[in-house]
Amino acid sequence: MSDPAPLVTVVVPTRNVARTLEACLKSIRAQDWSRLELVVVDNYSDDATPLIAERYAHQFLVAGPERSTQRNLGVEVAKGDYVLWVDSDMVLPPRTVSAAVKVALETGADAVSIPEVSVGPGYWTACRALERSCYRDDPALYYPRLIQRDFLRRLGGFSETMAGPEDVDLRLRMNDEEAVLAHSPDVYILHDEGRLTFSSILSKRVYYGRSLPAFAAAHPGALGDQGKGTLASFARHRRRLAHHPFLTTGIVVMRSCEAAAYGVGYWKGRQSLRSKQRA
């Protein structure tokens, strides 16, 4: 008798995401992979998020203060052989889970990455979509999304000292363990960016930048490598970018200002660390 198909636990961290959550959870429950568990871990939302989550989730939990903590709690309670982490503003085509599991089983990989496509109205969202399209053929920029549960637990889960670079940190720790990261190219996760505004882009980068001192301490030289990888991706796709000069100009402006915003966040993160060390 053949072994049963593996159970996949999908973990979704949430906080005040009523706008996008129902589409996300509906798409997870509509997967063509029948052996699926859905765990939603909410960070004390005060909108309709909990009501929506409880309609779809097999388990609904509350935890914070950051999404790494939420993900780790989801991994802790997961019953699946694999864990798939999904953000609450993402929509999964019906074959997403089955395609990723197929790659994992065929390759014996510890984890599988799944490409994203940014969607949403507005100029800055279109710039982000074009930018991310340049990264899809660079294995150095792939991040684990479907992961063997026991392997992820042994690795210690997501770093709770980081909010933003924790997915890159996980990939780098996997590299240190010589783990196998495969790629599922057949489907794309739709990332609903909404109507991005310039101020919202920069404020998020300042917030993420606060975690960069911890990231840089854990992975010396990795920040520079990430920057070089991004520039190399743009160089490879220079013809595509040249076909969209209006959007490419926006990418240049956006990425330049994001770098400055990361710098502000980095400085704030350093100040926070020094305050804690003096206390």
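**Loops, sheet and helix packing**

With a relative accessibility of 33%, Asn16 falls in the partly exposed class, because that class lies between the buried limit of 20% and the exposed limit of 50%. The model described here is a predicted one. In this model Asn16 sits in the loop that links strand 1 (8–14) to helix 1 (18–29). Its backbone deserves a brief look: Asn16 is not a glycine, yet its phi is positive, at about 50°.

Glu178 can be described alongside it. This residue, too, has a positive phi without being a glycine, here of about 55°. Glu178 belongs to the loop between helix 7 (166–176) and strand 9 (181–183). Its relative accessibility is 69%, so Glu178 counts as exposed, the limit for that class being over 50%.

A further backbone feature is found at Pro65, in the loop between strand 3 and helix 3 (67–77). The peptide bond joining Gly64 to Pro65 is cis, with omega at about 15°.

Attention now turns to the sheet. Seven strands form an open sheet in the order 3-2-1-4-8-6-9, and their pairing is mixed. Strand 3 and strand 9 are the edge strands; each has a single partner strand, so one side of each has no neighbour within the sheet. On average, neighbouring strands of this sheet are turned by 25° against each other when direction is ignored.

At the strand 3 edge of the sheet, the pairing can be followed residue by residue. Strand 2 (residues 36–42) and strand 3 (residues 59–62) run in the parallel sense and are joined over 4 bridges. Among the pairs, Val39 stands opposite Gln59 of strand 3, while Val41 has Leu61 as its bridge partner. Together with helix 2 (residues 49–56), these two strands build a β-α-β unit, and the unit is right-handed. Helix 2 itself lies across strand 1, strand 2 and strand 3, and runs at about 165° to strand 2.

Helix 2 also packs against helix 1. The axes of helix 1 and helix 2 come within 9 Å and cross at roughly 5°. This angle is under 35 degrees, and the two helices are therefore roughly parallel to each other. From helix 1, the residues Ala18, Leu21, Glu22, Leu25, Lys26 and Arg29 take part in the contact, and they meet Thr49, Ile52, Ala53, Arg55 and Tyr56 of helix 2. By class, the residues of this contact comprise 6 nonpolar, 1 polar and 4 charged.

What angle do helix 5 and helix 12 adopt where they pack? Helix 5 (residues 123–133) and helix 12 (residues 245–278) meet at about 90°, and their axes are 9 Å apart. An angle from 65 to 115 degrees counts as roughly perpendicular, so this description applies to helix 5 and helix 12. The helix 5 side of the contact consists of Tyr123, Trp124, Ala126, Cys127, Arg128, Leu130 and Glu131. Facing them in helix 12 are Phe246, Leu247, Thr248, Thr249, Gly250, Ile251, Val253, Met254, Arg255 and Glu258. The residues of this contact divide into 10 nonpolar, 3 polar and 4 charged.

Definitions and conventions
Residues numbered from 1 in each chain as written. Predicted model: local features only at pLDDT ≥ 70, side-chain atom pairs only at ≥ 80, totals over all residues. Heavy atoms only, no water. Pairing = 2+ DSSP bridges. Right-handed = clockwise from strand over helix to strand, strands pointing away. Buried < 20%, exposed > 50% of the residue type's maximum accessible area, 1.4 Å probe, protein only. Axes fitted to C-alpha atoms, helices over the stretch in contact; angles between N-to-C directions. Parallel < 35°, antiparallel > 145°, perpendicular 65-115°, else oblique. Contact = heavy atoms within 4.5 Å. Nonpolar A, V, L, I, M, F, W, Y, C, P; charged D, E, K, R; others polar.
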